[in-house]
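This report walks through one protein model, from a single helix to the whole chain. Keep the structure in view while reading.

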Amino acid sequence: MGRVARRRNRRKKEIYPSYNSDLISFIHWLLSKGWKPTIKMKLKHFPDTGRGFMAMEPVFSGEIIVKMPKELVISAKTVENSRLGEIFLNQNLKVPVHLVLSAFLMYEKHLCEQSDWHRYIVLLPENYSSPLFCSDKDLENFPPFLTEKVKTMKRSVYHMFEMLLNLSEFKKCKHCNKDFHQIFSYCDFLWAWFTVNSRVVYLSPQENFVHSIPLSDVNSIALVPYLDMLNHSNHARITAKFSFDKGYELKSLVPFKKYDQVFIHYGSHDNFKLFLEYGFIIPNNINDSVHLLVTDIISAIDTSVTVNNVLSLENCQCFLKNLYCTSEGLSWNCRALLYLLLVKDLSIKAALQNVYSGSISAYDLERIADIEKNILSKKIKDISNIVSKLHSKGNIISIGKDLFQFYVIMLNKALSCR
């Protein structure tokens, strides 16, 4: 589940009325579908998070904050029963459930007021602040480790879009009598894919709706209108449960005071993932880290030091993952890799035993600490250079600049602890 971009500064604030006509119509539509509010909340614009829900009464720990009937859960079964369902049935091609929900959302948006879900769709953001929506020119402002990730994600989304075009070939929309190829565009599909990706909830396959659409993966996701208007906080704690009798229930495990914003928890994500997959970042993210490459580590080692390359390449594959830095310094894998690169006069077995037992000499620990300072200093310089080149006034670029500035602060804090 996700929300529109949140920014610390330089954001042109959008003012969301607490209850505009679209929201009132949406609430009436929810009530007509059997929804009943469990706590009193009001839609409000918050300076740091944008649109969110404010508690109009105290919320207690263990209290159900959202309860949605099963009729309001958008699943693969919903798609099967819709006017779009026919393109997925009786096909030899299996497709991801993410594609199915994305295609449904895109098609229902095409139907406008003829859609049963129109009241929900009109409240969805029209634009997102993820780098997936950057122009090619703006994307060039970002460093390769981000642009390569964006390009990989875009290729995956485009592959899904091609699958959809293949499934819908020679089929017409019963709403407008146009070929689906005419009404399905990649731009619209990317919007729908991101909407699903940033707002989806996870259901146990055993609890999800039974359907006949041939899927290539597990049927474990769904969309729940209204629920996805709640913003994320690292300090929120929730439990979620779905059953056909009670519908989808979301319980808060932390209290909220009257007039507080009510938050939920999307997961323990760092800012890099939040930026890519949700389109926002949060200051002082307790899950944040700066990802490092093996080359970042090797290049920081003094050229006069002999590196044990054979040891690292043949026996240290498990240490080439989870290379990162937090405000407390390098990850355990980084330090272990440094030790294995530097150690001499030991067998591979003995070196690995020292790593796992923590039996590293004070001399080697001091050498590792010195190289760690080099790694941190070099990374601070590299990321500061990135920040200095991000001049565009676009919202996505500005959020990216904030992200890298957070990284510099974090790395400086780690360096000061060494």
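## Helix α3 and what follows

Which residue just after α3 takes a positive phi? Cys112 does, with a phi of about 55 degrees. The model is a predicted one.

Helix α3 itself covers residues 97-111. Its 15 residues should span 21 Å at 1.5 Å a residue. The end C-alpha atoms are 21 Å apart, so the expected span and the model agree. Burial is the other feature of α3. Of its 15 residues, 13 are buried, which means the helix is largely enclosed by the rest of the structure.

## Positive phi in two loops

Most residues other than glycine have a negative phi. Two loop residues depart from that sign. Tyr226 is not a glycine, yet its phi is positive, at about 80 degrees. Asn284, also a residue other than glycine, has a positive phi near 55 degrees.

Where do they sit? Tyr226 belongs to the loop between β5 (221-222) and β6 (231-232). Asn284 is found in the loop between α9 (271-277) and β10.

Are the two buried or exposed? Tyr226 has 5% relative accessibility; buried means under 20%, so Tyr226 counts as buried. Asn284 has 74% relative accessibility; exposed means over 50%, so Asn284 counts as exposed.

## A sheet of three strands

The loop that holds Asn284 leads to β10. This strand is part of an open sheet of three strands, in the order β10-β11-β12. The pairing is antiparallel. Strands β10 (290-291) and β12 (329-330) stand at the edges. Each has a single partner strand, so one side of each has no neighbour in the sheet.

Strand β11 takes in residues 324-326. Two bridges join β11 to β12 in the antiparallel sense. Across this pairing, Cys325 stands opposite Leu330 in β12.

## The whole protein

The protein has 15 helices and 12 strands. Its C-alpha atoms fill a box of roughly 75 × 55 × 45 Å along the principal axes. Of the 418 residues, 52% are buried.

Sequence separation is a further view of the fold. Among contacts with a separation of 6 or more, 74% come from residues 24 or more positions apart.

The accessible surface comes to about 20,300 Å². Carbon and sulfur atoms hold 52% of that surface. As for charge, the protein has 52 positive and 40 negative charges. How many Å separate their mean positions? The two mean positions are 4 Å apart.

Technical notes. Residues numbered from 1 in each chain as written. Predicted model: local features only at pLDDT ≥ 70, side-chain atom pairs only at ≥ 80, totals over all residues. Heavy atoms only, no water. Helix = DSSP H or I, 4+ residues; strand = E, 2+ residues; numbered from the N terminus. Buried < 20%, exposed > 50% of the residue type's maximum accessible area, 1.4 Å probe, protein only. Contact = heavy atoms within 4.5 Å. Areas by Shrake-Rupley, 256 points an atom, 1.4 Å probe, with all protein chains shown as cover. Lys, Arg positive; Asp, Glu negative; His and termini not counted. Charge placed at Lys NZ, Arg CZ, Asp CG, Glu CD. Expected span 1.5 Å × (residues − 1). Pairing = 2+ DSSP bridges.
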